[in-house]
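Dear colleague,

I am passing on to you the structure that we spoke of handing over, and I would ask you to look through it before reading my notes underneath.

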Amino acid sequence: MLSYRHAYHAGNFADVFKHVVLTMLLQALARKDKPYVYIDTHAGAGRYDLHSEAARKHREFASGIARVWGVPGAPAPVAAYLEAVAALNAASGRAVDAGATPRWYPGSPRIARHLLRHGDRMVLGELHSSEAPLLQREFAQDRCVQVVRGDGYHLLKSHLPPAERRGMVLIDPSYERREEIDHIVAALREGQQRWATGIYAIWYPVMPKVPATALHRRVIAAGTPKVLCAELCVLPDDNPLGMNGAGMIIVNPPFQFDAELRPVLSWLHQRFDVERQGRAEVRWLVPE
Ligand SMILES: C[S@@+](CC[C@H](N)C(=O)[O-])C[C@H]1O[C@@H](n2cnc3c(N)ncnc32)[C@H](O)[C@@H]1O
């Protein structure tokens with residue numbers, strides 16, 4: 001039984017970090033004219049209402065999107081991500097002004113949809129019985145989006161290699177199961193065997209109960225080539241409570257992605273870690 005609902009966390013600092021990295025990866029894919037595919041194994045509901053009871057319960061967006069929305073001097077990739085947020089709000093009939101927090105927060109599928117070009121397509125997986133129908137409704141009339149209800153890890157078997165031979169997979173689980181890391185490593189192995197040149201981005205929380213170092217070790221031990229890791233933490237790593245930060249493993253990142261990402265991460269870190277207790281880091285787990 002899945003109990004995680006992303007609506008409680010939508011727009012928090014970890015979401016902003018993930019969605020800015022996603023924006024950068026899709027922008028890099030769009031530098032060539034050829035079409036690409038975006039596969040999102042754990043897609044969520046697609047969009048979130050920041051006025052909802054769930055979002056207002058802990059107001060996580062207040063230390064996330066609210067800290068970058070309307071802030072002058074944002075690096076270009078952050079500005080592009082904010083454009084995706086603004087576009088969703090404009091399309092939903094909300095006047096978007098720079099000062100207030102936007103009402104609608106786009107999940108990874110909506111961010112990606114904003115960046116897709118004519119000829120690109122996306123495949124979204126979602127298992128939760130409440131989230132999956134919302135996702136299906138969100139993209140019901142959209143011919144470049146395929147929503148698959150069920151275990152998103154299976155998409156790496158059923159949809160790889162893609163006909164386009166270019167694109168990326170986002171693996172963004174809720175880490176509710178103890179064996180989540182086993183599933184990630186197995187899915188990555190399966191994906192790489194079928195499509196070695198694809199970009200794979202895996203999000204994880206930095207918190208005591210999720211052993212990120214074990215995930216790193218196992219991805220390295222699997223012989224995965226070209227693995228970049230980015231982490232943004234707002235609390236010290238040894239803080240025993242809650243989520244101290246978020247990380248992403250990026251397999252086969254675009255050329256010079258590390259150099260592009262460092263200043264962006266540093267800007268986000270300055271916005272989010274106001275008490276300077278955490279860190280921002282981009283490093284190679286397996287060098288190019
Ligand atoms: C962190 S949320 C996804 C957020 C989304 N990627 C975004 O950035 O907007 C994780 C989602 O994965 C779903 N989920 C959990 N296990 C799954 C599985 N095995 N296959 C597909 N979806 C799953 C949960 O219901 C939840 O909606």
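What follows is a short account of the ligand and its surroundings, and then of the aromatic rings.

Please keep in mind while reading that this is a predicted model.

I began with the ligand, which occupies the space of the largest pocket and is surrounded by 20 residues, the closest being His19, His42, Glu126, Gly152 and Asp172. Sorted by character, the residues of this shell comprise eleven that are polar, five that are charged and four that are nonpolar.

Looking at individual atoms, I found that a nitrogen atom of the ligand lies 2.7 Å from an N or O atom in the side chain of Asp172, while an oxygen atom of the ligand is 3.0 Å from an N or O atom in the side chain of Lys18. At Leu127 the backbone takes part, with one of its N or O atoms 3.2 Å from a nitrogen atom of the ligand. Of the 610 Å² of accessible area that the ligand has on its own, the protein covers 99%.

Turning to the aromatic rings, the count comes to three pairs. In the case of Trp195 and Tyr200, the ring centres are 6.1 Å apart and the planes stand at 65°, which is over 60 degrees, so this pair is edge-to-face. Trp195 and Tyr200 are both buried.

With best regards

Conventions:
Residues numbered from 1 in each chain as written. Predicted model: local features only at pLDDT ≥ 70, side-chain atom pairs only at ≥ 80, totals over all residues. Heavy atoms only, no water. Near = heavy atom within 4 Å. Polar contact = N/O pair within 3.5 Å; in protein donor to acceptor, adjacent residues only side chain to side chain. Areas by Shrake-Rupley, 256 points an atom, 1.4 Å probe, with all protein chains shown as cover. 1 Å grid on protein atoms, 1.4 Å probe; cavity = no way out; pocket = protein on both sides within 12 Å on 5 of 7 lines; lining within 4 Å. Sits in = over half its atoms within 2 Å of the grid points. Nonpolar A, V, L, I, M, F, W, Y, C, P; charged D, E, K, R; others polar. Phe/Tyr/Trp six-rings, centres within 6.5 Å; stacked < 30°, edge-to-face > 60°. Buried < 20%, exposed > 50% of the residue type's maximum accessible area, 1.4 Å probe, protein only.
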